[in-house]
Amino acid sequence: MYKLNENQKKRINIEMLAHDHKICDTNFFETTEYKQLASEMIGTFPKYKCLNVNYKNCSKLALLNAGKYVVDKHTYGTDTRVRYVDMDSLTAELYAKFGETPKEEKYDEIIKYIDDNVDLIKVTNVPVELDMTRKRNGHAYNTWFYGRDDVQESFFKKMKPAIKKLSIEGLCNDDSKCTYVHEMYHALPNSHKGSIENLLNTEVLSIYMEKIASSELDPTRKLEKLEELTRILNTKNDIIDREHNYYNDIDELDRLRIETYILSTAIATALYDTYQKGNKEIKKEIDDSINGIFREEHTLEDVLQQYDATPERGSNIMRRHIKKLSK
Ligand SMILES: [Zn+2]
C-alpha cells in the first residue's frame with residue numbers, strides 16, 4: 001500500500017507498535033466521492049487566502065481556560081488523566097541505570113521503572129509551551145524513552161507512550177484556543193494504547209474536537225466559519241500535493257501523512273455534522289461514546305461506525321462547504 005523504504009518503515013513501525021496502530025486498507029482514494037472532492041477543490045476554489053486572518057489575540061491564561069472549558073464540558077465525569085513524564089530527568093535516570101543501549105532482557109524492568117515514574121495528570125494540566133518561531137500549528141510531544149535505532153521492536157510493543165508537553169505555535173488567539181483543544185485530543189488517546197486502530201485515523205478526534213471548540217468558543221460563529229475555511233484550504237493543499245506533485249518530491253511517508261490528514265478531515269467532518277444536527281440527547285450520546293474510548297471500553301473506530309462517520313459522507317459535506325464558499 002505504501003512503499004516505504006527500510007528507514008521509513010522503522011520510524012513508522014515504532015510509532016505503530018507504541019500506540020498499537022496498524023495501517024488499514026482504505027479504498028477511499030479510489031471512490032467517486034474522493035475524486036469529485038479532489039476535482040472540485042482544485043477546479044473551483046481560487047479566491048481564498050487564509051494565512052492572515054485577523055484572529056483576536058489573547059493571553060496564555062485565556063487560551064488555557066478556553067481549552068479547559070471545552071474539555072471539561074465534553075468529558076464530564078470521565079477520567080481525563082494522561083501519562084505525563086518529565087522527559088529529561090527520567091531519560092537521565094534510565095541511561096544511568098540501564099545504559100544508553102539497554103539489553104533486551106532488561107526491557108521488562110525498564111518498562112516497570114518507566115511506569116513507576118510516569119505521572120497521571122489531567123490533560124488540561126499538561127504543560128503548554130508557546131513556540132513563537134513557527135506559525136499556525138501545534139504538537140503533542142510523545143516520548144519513546146529510548147532511541148529508535150538501538151532498541152528492539154519488542155520494547156516499543158510493550159511500552160506505553162507518555163506525553164512530555166503540548167506545544168502551540170504562533171500567537172495566542174482564538175484560533176490557537178482550538179489548536180490547544182486539538183492537541184489535548186492527541187494526548188488523551190495517546191495515553192490509551194490501542195484506542196485508535198488505524199494509523200490513518202489518528203487526526204480524526206483532534207480535528208473533530210477542534211471544530212467543536214470553534215463552534216463553542218465564539219457565539220457569533222465567526223470562529224467556526226474560519227475553522228471550516230482553514231480546514232478546507234488545508235485539505236485542498238493536501239490534495240494538490242497528492243495529485244499534482246510538481247514541485248515537492250513527496251515520498252511514500254509524506255503520502256501516508258497527507259492521506260492521514262485528508263481521510264481524517266473527511267471523517268471528522270461527517271461526525272461533526274451528525275453532532276451539530278443532533279438534538280441534546282444525541283450530542284450527549286456522542287460525547288459519551290467518545291469518552292468511552294478513554295475508559296477503554298471501545299475504540300475510535302467503533303464510535304465512527306456507530307455514527308456512520310465515513311470519509312465518503314464527509315467528502316460530500318465538504319463539497320457542500322466548497323459550493324457555499326465559491327459563491
Ligand atoms: Zn493533529
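## A tour of the predicted model

The chain of this predicted model has a mean pLDDT of 90, and 95% of its residues reach 70 or more. Confidence is not even along the chain: the lowest mean, 82, belongs to strand β4, while helix α12 (residues 300–306) has the highest, at 98. As a general caution, predicted coordinates should not be read in detail where pLDDT is low.

Let us begin with the strands. Strand β5 (residues 162–169) pairs with strand β3 (residues 128–131) in parallel, through four bridges. Within that pairing, Leu 130 has Ile 168 of β5 as its bridge partner. Strand β5 also pairs with β4 (residues 138–143), this time antiparallel and over six bridges. Here Asn 142 stands opposite Ile 163 of β5.

Next come two helices. The axes of α7 (residues 174–190) and α8 (residues 204–216) come within 8 Å of each other and cross at roughly 145°. This crossing of α7 and α8 is right-handed. On the α7 side, the contact is made by Lys 177, Cys 178, Thr 179, Val 181, His 182, Tyr 185, His 186 and Pro 189. Helix α8 brings Leu 205, Ser 206, Ile 207, Met 209, Glu 210, Ala 213 and Ser 214 to the contact. Sorted by class, the residues of this α7–α8 contact are eight nonpolar, five polar and two charged.

Thr 179 deserves a closer look. Is this residue of helix α7 buried or exposed? Thr 179 has 25 C-beta neighbours inside 10 Å, so it counts as buried; the cut-off for that class is 20 or more. Leaving aside residues up to four places away in sequence, Thr 179 touches Asn 137, Gly 138, Ile 168 and Glu 210. Two of these names have come up already: Ile 168 is the bridge partner of Leu 130, and Glu 210 is among the α8 residues in the helix contact. Thr 80, by contrast, is not on the list of touching residues: Thr 179 and Thr 80 are 99 residues apart in sequence and 18 Å apart in space, C-alpha to C-alpha.

Now for the loops. Most residues other than glycine have a negative phi. Against that background, Asp 20 has a positive phi of about 60° without being a glycine, and Glu 296, also not a glycine, has a positive phi near 60°. The table sets these two beside Tyr 307, a further loop residue, by place and by C-beta neighbours.

| Residue | Loop between | C-beta neighbours within 10 Å | Class |
|---|---|---|---|
| Asp 20 | α1 (6–19) and α2 (32–43) | 16 | partly exposed |
| Glu 296 | α11 (280–294) and α12 | 11 | exposed |
| Tyr 307 | α12 and α13 (311–326) | 18 | partly exposed |

Why does Glu 296 count as exposed? Glu 296 has 11 other C-beta atoms within 10 Å, and a residue is exposed because its count is 12 or fewer. Asp 20, with 16 such neighbours, counts as partly exposed.

Tyr 307 also has partners remote in sequence. Not counting residues up to four places away, Tyr 307 touches Leu 271, Thr 274 and Ile 286. Of these, Thr 274 is 33 residues from Tyr 307 in sequence, yet their C-alpha atoms are 7.4 Å apart in space. As for where Tyr 307 sits, its loop follows α12, the helix with the highest mean confidence in the chain.

How values were computed:
Residues numbered from 1 in each chain as written. Predicted model: local features only at pLDDT ≥ 70, side-chain atom pairs only at ≥ 80, totals over all residues. Pairing = 2+ DSSP bridges. pLDDT = per-residue confidence, 0-100. Axes fitted to C-alpha atoms, helices over the stretch in contact; angles between N-to-C directions. Left-handed = near helix turned anticlockwise from the far one by under 90°. Contact = placed C-beta atoms within 7 Å. Nonpolar A, V, L, I, M, F, W, Y, C, P; charged D, E, K, R; others polar.
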